[in-house]
Amino acid sequence: MATDITGELDAWRGLPALQQPEWDDPSEVAAVARELATQPPLVFAGECDNLKDRLAEVALGEAFVLQGGDCAETFSGSNADAVKNKLKTLLQMAVVLTYAASVPVVKIGRMAGQFAKPRSKPNETRNGVELPAYRGDAVNGFDFDAVSRRNDPHRLLQAYHCSAVTLNLCRAFTKGGYADLRQVHAWNQDFVKQSPAGQRYEQLAGEIDRALTFMKACGASPDEFHSVEFYSSHEALLLEYERAMTRIDHLSGLPYDVSAHFLWIGERTRQLDGAHVDFLSRIRNPIGVKLGPSTSADDALALMDKLNPDHEPGRLTFVTRMGAGKIRDALPPLIEKVNQSGAPVAWICDPMHGNTWEAASGHKTRRLDDVLDEVAGFFEVHRALGTHPGGIHIEFTGDDVTECVGGGDEIVEADLHQRYETACDPRLNRGQSLDLAFMVAELYRKAQ
Ligand SMILES: O=C[C@H](O)[C@H](O)COP(=O)(O)O
Ligand SMILES: C=C(OP(=O)(O)O)C(=O)O
Ligand SMILES: [Mn+2]
């Protein structure tokens, strides 16, 4: 039995796999994969099952997903301050949503493994010099020189170790007291406090404080107030890595990719007969697929049939990323067709990837207004169809960067150069993330 499963886990090797790095020496990759396969799991099958249960609640309309983090994590970003700032932002957003929208929030980081990037062009040219594109720290270096841009399979091991460090910090921060609801004010104690969203948050935190004091006086202090359930996720892009991190769970005898709780297939690698769809169809984690504006209703249905043939609630999440100008037309046919099939699905909105453009300065950027408009369109469509807007998937950072324009602390195009630190796509900063959370909470409340 185990032999059969193992064989099936390698079926992707015979299929077209897009966006895989070309490595100089395949035997070096094979040696790294063997070493990865001996490393301890980063997550346990039981935890993945718990997340699947949470996502089943989302599919049923009873909870809301908040998934986010960097576009591309970096090895140098695997440190306590950077991880704490991202978690703090996620916790603040989650509190706004839980309190202001009165909905349980499933918290998933694009963290502890988001080290590989698909690219639209294989090469990058600067001042007449052409080098391979940066494909994430798991593959090559961000610096623009030939040595750094060489694909190095040993980086896969470093990606594993940085994921372990980051996940360990996430587990400690979310279980060790930092995420206690009595810390709601503490999460707001820095630059963000002065921003319009920070001040609005401060008010809400005051209300939560009073509610907690009241509940304590009544004798209630449930565990849920003292720690937070947090899950990790990343795009399952590098199949050698994901395969090496896949283990057969002792209890169920089923394969789980133990590199993260939740894995998703990107917009560029969701071909029905491609390697990524095949591989993810064979692991038992909860999984997602990004759906861009070229997705037909038949494509969505075929992905459902292949990735969740048993219609297991929580197994498959569709992450739509249509763009603000397209979502109102592109999303309804997908939802209608999938719904007609009776398949349970959690629909979540990535309002980032359909709204990227290049500023005159050459910076890749996004307008917060477009992000908000796509989320508003997502809610409108679900409201019109009577379906559940299940969550948001965003790229953000805990730092005060200037990568996206707009927001309460208005960032304009001319500001982009000030703190443009992303290794790939432009991220919302703390203030912009909070602006978004308040808007989503309002939309959610209205939709109820
Ligand atoms: O999320 C990542 C980007 O959208 C993807 O890597 C493509 O970016 P690019 O067009 O800069 O290559
Ligand atoms: C590459 C990404 O998105 P998509 O696959 O939707 O383009 C991403 O999430 O960073
Ligand atoms: Mn991105």
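Let me begin with the term I will lean on: a residue counts as near a molecule if its C-beta atom, placed from the backbone, lies within 6 Å of it. What we are looking at is a predicted model, in which local features need pLDDT of at least 70, side-chain atom pairs count only at pLDDT 80 or more, and totals for chains, interfaces and linings use all residues. Residues are numbered from 1 along each chain as its sequence is written, while chains are lettered from A and ligands numbered from 1 in the order in which they are written.

Around ligand 2 we find Cys71, Pro118, Glu235, Gly266, Glu267, Arg268, Lys290, Arg321, His353 and Asp425. By class, that shell has six charged residues (Asp, Glu, Lys and Arg), two nonpolar ones (Ala, Val, Leu, Ile, Met, Phe, Trp, Tyr, Cys and Pro) and two polar ones (the others, Gly among them).

The UniProt record, an unreviewed entry, places a "binding site" at Arg110, Glu267, Arg268, Lys290 and Arg321, with the caution that annotations may be inferred rather than shown by experiment.

Is Lys290 buried or exposed? Lys290 is buried, because 20 other C-beta atoms lie within 10 Å (20 or more is buried, 12 or fewer exposed, in between partly exposed). Lys290 sits in strand E9, residues 287-291, strands being DSSP runs of at least two residues, numbered from the N terminus.

Arg268, by contrast, is partly exposed, with 17 such atoms within 10 Å, and lies in the loop between strand E8 (262-265) and helix H8 (275-282), a helix being an H or I run of at least four residues.
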